[in-house]
Amino acid sequence: MSTVTYAGTPVEVDAEGFLEDPAQWNEQVGEQIAAENGIAELTDRHWMVVNYMRDSYLENGTAPSIRTLGKASGVPIKELYSLFPKGPAKLAAKVAGIPKPRGCI
Amino acid sequence: MSKRILIIGAGTGGTLTANRLRRRYGDRAQITVIDADDRHLYQPGLLFVPFALADPDDIVRSRAKQLRKGINFHIGEVDRVDIEAEEVLLKDGSRFVYDVLVVASGSSLLPEETEGLPEALSQGSAFGFYTLDEAVALREKLKGFDSGHLVMNMVEMPIKCPVAPLEFCFLADWFLHERGVRSEVEITYVTPLDGAFTKPVASRELGDLLKSKDIRLETEFATGQVDGDAGKLISWDEREIPFDLLVSIPVHGGADFVSRSEGLGDELGFVMTDPHTLQSAVAPNIFAIGDATNLPASKAGSATHFEGDTLTANIERFFDGEEPEGTYDGHANCFIETGFHKALLIDFNYEVEPLPGRYPFARVGLPLLRESRLNHMAKLAFQPFYWHALLPGRDVPGIGAQMSMDGKQPTPSNQGESE
Ligand SMILES: Cc1cc2nc3c(=O)[nH]c(=O)nc-3n(C[C@H](O)[C@H](O)[C@H](O)COP(=O)(O)OP(=O)(O)OC[C@H]3O[C@@H](n4cnc5c(N)ncnc54)[C@H](O)[C@@H]3O)c2cc1C
C-alpha cells in the first residue's frame, strides 16, 4: 500500500494503483487516474460507465464483470473497449476508485 | 411445520442435497427433485472423450438411480419460480408447492453470446467438449487432425471447471505426441485472463508448465467474434488469431428460468446467493448450490460437494426457526490432468489461493501444485468416488468441507495477494 496525491487529495492505493478506500475518491481524482492511464478526457460516455461501476460496487460490494457492464451500464461491450482500452472492467474500476474486480476461480 | 422440499436439478448438487436431506429426515420430509431428463452425466469425464480415453456410455447413468429410496423424481422442465406463491411452474403446466426450495440447476452454455460462434460450431470449424455430443464430434475431428493451428479459447469467466481448458491443452499435447504429429501442430491457449489461471501462484506454475510443453499462451484476449469461414478469432480490441481447429468454451449463464423468476438472479442468470450461508437474497426459504449460484467460488463438483454440508445444515436450521450459519468458506479442489499419465492438484478457498504443499495432510497426502503420477491415479479414482460417495452424500474421513492450512506452504510472495 502507498499514498499518492491526486488533485490535491492524498489517497491510498494498492500495488497496481487501485484505491484502497472508495470514500477517498472524488471526480477530480477519477480524472487524474484516467489521464495517468492514457485517457486524456473523460466524456459523458466514460462517466456513464464510471458511475455505474461505483454505484454497483457500493451497492453489492463487488465490481461488475465486463459482460454485466455490457448488459447493464447502457454502453455496449464494443464501445467499452474503445473508451477503456485493453481491460475495460479493470480500468473503469481504477478510474471509479473501487478495488480491482476480483477474478473468481 | 410441514416440510415439502423441492429441488430443481438432479445433477451433482441436487442429487447430493436430496440424499443428505432424506437421510436426515426420512419420512418426516417430502423431497421432490425435478430435472429435464434422466441422464446424469459425469461431467469431469467429458475432458477425456475427445482423446478416446473415456467412452460416452461409461459416464452417463440414470438420475433416478442416484437418488435414495423415498425421494420423488419428476421429469420436466422448470419454466419459472413464483416466489410469492411459493411454487414452481413447469413447462408442461404442472405446479409444485414448496416450503423450502433448492435451486441446483447448474449453468448453461451460451455460444449465442459470441458473434459468429453458433455458425462456426454448426459448420464444423469450431468445436467444444462441454456437452457429450460436442465431445464426441471433437473426438472424430481430432482423429484426422495432423497439422495446423489448434486454438483453445475460453471466451469469458466464469466457466465450469476453470482448469478444464488447460487440461485440454495438456492432453492435446500428449495425444498429438502419441500420434507422432506434435511437431506439425501449433497449440495456443487464448484466455481473457492476464495469465494461465486466475490466482498468482498457480498461474505462474501453470504458465511454466505450458511453456515446457511448447503450448503458446495468449492472454487478455476478450473474444468479440469468431469468423469460422476465415478461420480466425477477433477480440473486442481488434486483435486477430488465425486457427485451423478452434475448441471454444462459450460464455456461461444460469438456467433461463432463473431470469424469468423475478428477483432470483443477477444479470447473467446466476442466483444471488449468500457466499457463506447459501441462502438466496430473494427469500429465506430459497437456497442455492453449485454452479447455479453467483458465489465467487470455483464452479466445480468439489465446491458443490463442500457446499452440501452448509446447505443441509442451514435448511435444517430454517425448519427449526433458527438463523442460517455462514460456514461455507469457498473451499474447492481440482485435479489438473497434465498429460503423460500425470496430474497436479490444487486446493483453495475464498481467501487462500492454491499453494504448494500436500493434501489433505502434510505428511501423508497428494502433492499440491506439482505434477505426479499419484495425482493422475487420484483423478481417475474420482469417478467411482463421485458415484459412490459424493452423490450419496457420505462424509469422507480426512476430507473436511472447510479448507485446512495443514500441509500447505504459504510463500511470502502470496500473503495477502489472494484478495
Ligand atoms: C468438461 C468438464 C470437466 C469438469 N471437471 C471437473 C473436475 O475434474 N472436478 C470437479 O470438481 N468438477 C468438474 N467439473 C464441474 C462439475 O461437473 C460441475 O461443477 C458440477 O456438476 C456442478 O453441479 P451442479 O449440481 O451445480 O450442476 P449440474 O450437475 O450441471 O446439474 C444441473 C442440473 O439442472 C438441470 N436443469 C437445468 N435447468 C433446468 C430446468 N429448467 N428444469 C429442470 N432441470 C433443469 C440440468 O438438466 C442439470 O441436470 C467439470 C465440468 C465440465 C463441463
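## Exercises: A401(B) and the ligand shell

A401(B) counts as buried, because its relative accessibility is 12% (buried is under 20% relative accessible area, exposed over 50%, partly exposed in between, with a 1.4 Å probe and protein chains only). This is a predicted model: local features need pLDDT of at least 70, side-chain atom pairs count only at pLDDT 80 or more, and totals for chains, interfaces and linings use all residues. Residues are numbered from 1 along each chain as its sequence is written, chains are lettered from A and ligands numbered from 1 in written order, and side-chain values use heavy atoms, without hydrogens and water.

**Exercise 1.** Find the residues in contact with A401(B), leaving aside neighbours within four places in sequence.

*Solution.*
- Contact means heavy atoms within 4.5 Å.
- The residues are F306(B), D309(B), D329(B) and H331(B).
- Now turn to R63(B): it is 338 residues from A401(B) in sequence and 24 Å away in space, C-alpha to C-alpha.

**Exercise 2.** Find polar atoms of R63(B), T12(B) and S302(B) that pair with ligand oxygen atoms.

*Solution.*
- A polar contact with the ligand is a pair of N or O atoms within 3.5 Å.
- For T12(B), a polar side-chain atom lies 2.7 Å from a ligand oxygen.
- For R63(B), a polar side-chain atom lies 3.0 Å from a ligand oxygen.
- For S302(B), the partner is a polar backbone atom, 2.9 Å from a ligand oxygen.

**Exercise 3.** Place the ligand relative to domain 1 and domain 2 of chain B.

*Solution.*
- Domain 1 covers 3-106 + 255-319, and domain 2 covers 111-252; the bounds come from an automatic or database domain assignment.
- Both give residues to the shell, so the ligand lies between them.

How values were computed:
A polar contact is a pair of N or O atoms within 3.5 Å; within protein, one must be able to donate a hydrogen and the other to accept it, and residues adjacent in sequence count only if both atoms are side-chain atoms.
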